[in-house]
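The following exercises work through one molecular structure, from an interface between chains to the elements that form it. Each task is followed by a solution in steps.

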Amino acid sequence: MKKLLTVVISILALCAALAMGNAALNQHHGQGSGRLLTIYNWGDYIDPALINKFEKQTGYKVDYETFDSNESMLTKIRQGGTNYDLVVPSEYTVQRMKREHLLAPLDHRRLTNLHYIDPQFLNRSFDRGNRYSVPYFWGTLGIIYNDQKVSAGDVQHWSQLWNPRLRNNLMLIDSARDVFAMTLIAQGHSVNTTDYQTLKKAQDHLKTLTPNVKAIVADEMKMYMEQDEAAVGVTYSGDAREMMSVNHHLHYVVPSEGSNIWFDNMVIPRTAKNKEAAYAFINFMLEPQNAAQNARYVGYATPNRAAKKLLPKKVTSNQAFYPPARTMKHLQTYRDLPLKTLGVYNDLFLEFKMFAK
Amino acid sequence: MRNKTLFIIPYALWIILFVVAPLVLIFYQSFFDISGHLTLSNYANYLTSSVYLKMTLNSVWYAFLITLVTLVISYPTAYVLNHLPNKQFWLLLVILPTWINLLLKTYAFIGLFSRTGSINQFLRFVGFGSHQLLFTDASFMFVAAYIEIPFMVLPIFNSLAEISPSLINASKDLGANQWQTFTKVVLPLSMPGVKAGIQAVFIPSLSLFMITRLIGGNRVITLGTAIEEHFLTTQNWGMGSTIGVILIIAMFIVMFITGEAKQKGGRTR
């Protein structure tokens with residue numbers, strides 16, 4: 001019994017010592033809270049060299065944390081107890097955070113580098129006047145195809161995915177919103193349709209796509225497309241870029257009749273501890289040199305006009321990632337739909353997946 | 001006596017915090033609709049929707065098939081293992097794969113089954129040409145069975161090991177042949193292991209979801225898929241919890257069926 005007690009006590013003592021050590025390390029890391037900037041961003045979504053540069057240039061210490069979905073980020077911020085100074089949500093999440101009063105309004109006088117952003121990416125419907133958000137990267141939903149299996153002319157439009165020649169050769173992304181977006185556009189409707197009858201009709205149309213659908217997958221699509229598992233896939237531009245860098249037979253198309261365009265944006269949560277540093281970071285990232293470096297590292301399209309000029313011509317002239325104006329005109333952003341409607345989207349999608357046999 | 005109450009504290013805490021509380025929470029959540037009103041609509045929705053009912057049937061059917069395949073492979077395996085020298089070592093080899101992360105194993109299967117994967121390379125080499133292996137029912141069943149087999153082998157192995165050799169000798173002395181000994185002595189005595197194995201395999205198989213997407217390409221839909229979607233995308237926790245409750249009920253039914261039969265069997269013999 002005595003021996004056991006000694007063991008238990010020594011374990012507890014060890015735990016306490018470790019906890020203290022951990023706290024001491026954290027304190028050292030922070031060097032006083034006034035100089036600490038806590039960033040909450042998607043994984044692998046910034047050039048780490050830029051963080052070092054920022055720290056050197058401004059003297060702030062950056063604490064960088066990552067998330068993998070808007071929903072998980074939102075849950076964490078909503079529950080409070082976090083002190084992130086800068087977060088990078090997608091546009092529909094910006095809208096929801098705005099509605100739930102989780103964001104601090106931006107003081108435009110302190111955003112000295114905002115003028116570098118291409119005006120077409122400012123004042124979008126999800127945040128009029130950019131009162132709360134500054135665009136970070138943007139991208140699209142589109143079609144990726146393998147030129148060994150289909151010719152480019154066969155996959156320029158959403159409606160062509162219904163072609164019987166693609167039988168059992170199409171991969172869809174496992175997301176109700178995106179799959180419905182492509183179907184709704186193919187039928188000439190808005191990607192933010194809330195009318196049940198229209199959605200039901202879209203689902204009926206989607207069901208006729210079943211013979212072509214090989215699989216409905218998430219991130220694994222990258223691997224499958226790289227390994228020639230299917231001829232055509234519906235995916236995001238960022239993922240497409242990654243696939244294309246591995247398999248040179250892959251190409252990406254944004255259908256000219258329209259598609260979804262998404263934005264990831266820098267915002268400052270209401271609970272931020274160090275707004276000073278957050279503004280400094282936003283301005284730093286808007287600096288054309290830095291934005292260009294970041295775009296080269298991450299590979300997504302930059303909304304920064306001055307930075308775009310600094311990128312290689314080969315990148316910026318690629319219509320797949322920087323679509324021409326006539327396509328841009330038809331791209332639509334997702335609105336944050338009511339939970340009920342989202343439920344309808346997902347139920348219909350689930351039913352479609354069940355039908356997919 | 002005081003010591004005993006002291007020792008029960010960790011167990012009680014564990015049970016309350018990690019078994020009872022989550023169950024109560026799931027049950028509680030299942031009575032709220034998406035806008036937070038107290039209602040029975042989730043259950044009504046479940047019972048009237050052809051999508052969910054079909055999905056349930058689907059899940060049960062696949063779980064049944066997986067259990068059957070696993071059992072057919074595991075029983076002879078456990079039987080043979082029991083008669084080998086160094087049987088603990090051979091058993092270890094069967095259990096070894098469970099030490100590797102589930103996701104990793106699944107990804108390994110993608111590498112094997114894909115169009116450019118090892119199996120298709122072999123098939124082409126032998127002259128059979130390449131075949132579509134991923135996203136088929138067969139590949140899904142194969143991977144699911146592969147993952148569940150250790151959980152079936154282990155209880156059967158243990159129940160077989162517990163059978164006293166003297167019983168088998170007695171059976172042979174009394175004139176039973178090999179087959180009779182097996183069906184009349186070994187099989188009935190190993191039934192508890194089989195039932196434990198079925199419980200350990202059937203229930204998790206009902207709600208498999210990672211493999212349905214990775215190997216099945218979402219062409220096999222189980223209740224697990226629906227739960228994942230309700231918790232992660234639609235944020236309709238009520239409906240997700242309702243399906244969770246249904247799964248818990250299914251678990252009790254399976255436990256009841258397998259448990260009851262065991263007692264009855266015990267008495268008649």
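**Exercise 1. State how many residues each chain gives to the contact between chain B and chain A, and describe the side of chain B.**

Step 1. The contact takes 23 residues from chain B and 24 residues from chain A, where two residues are in contact if their C-beta atoms, placed from the backbone, lie within 7 Å.

Step 2. On the side of chain B that touches chain A, at least two residues each are supplied by α3 (50-82), α10 (210-214) and α11 (223-232) of chain B. Helices (H or I, at least four residues) and strands (E, at least two) are DSSP runs, numbered from the N terminus.

Step 3. By class, this side of chain B has 10 nonpolar, eight polar and five charged residues. Ala, Val, Leu, Ile, Met, Phe, Trp, Tyr, Cys and Pro count as nonpolar, Asp, Glu, Lys and Arg as charged, and the others, Gly among them, as polar.

Step 4. The conventions are as follows: this is a predicted model, in which local features need pLDDT of at least 70 and side-chain atom pairs count only at pLDDT 80 or more, while totals for chains, interfaces and linings use all residues. Residues are numbered from 1 along each chain as its sequence is written, and chains are lettered from A and ligands numbered from 1 in the order in which they are written.

**Exercise 2. Determine which residues of α11(B) are buried.**

Step 1. A residue is buried if 20 or more other C-beta atoms lie within 10 Å of its own, exposed if 12 or fewer, and partly exposed in between, with C-beta atoms placed from the backbone.

Step 2. By this criterion, α11(B) is mostly covered, with seven of its 10 residues buried.

Step 3. The buried residues are Leu223(B), Gly224(B), Thr225(B), Ala226(B), Ile227(B), Glu229(B) and His230(B).

Step 4. For chain B as a whole, 31% of the 269 residues count as buried.

**Exercise 3. Describe the secondary structure of chain B and the packing of α3(B) against α9(B).**

Step 1. Chain B contains 12 helices and zero strands. Its C-alpha trace spans about 70 × 70 × 40 Å along its principal axes.

Step 2. The axes of α3(B) and helix α9 (residues 178-206) of chain B come within 8 Å and cross at roughly 145 degrees. Axes are lines fitted to C-alpha atoms, for helices over the stretch in contact, and angles run from 0 to 180 degrees between N-to-C directions.

Step 3. Among the residues making this contact are Ile66(B) and Leu71(B) of α3(B), and Val201(B) and Phe202(B) of α9(B).

Step 4. By class, the contact of α3(B) with α9(B) has nine nonpolar, six polar and no charged residues.

**Exercise 4. Identify the residues that touch the most other members of the largest nonpolar core.**

Step 1. A nonpolar core is a set of buried Ala, Val, Leu, Ile, Met, Phe, Trp, Tyr and Cys residues joined through C-beta atoms within 7 Å.

Step 2. Of the 95 residues in the largest such core, Met171(A), Val232(A) and Ala144(B) touch the most other members.

Step 3. Helix α7 (residues 137-162) of chain B gives the most to this core, with 13 residues.

Step 4. A second, separate core of 46 residues includes Trp42(A), Val87(A), Tyr136(A) and Trp262(A).
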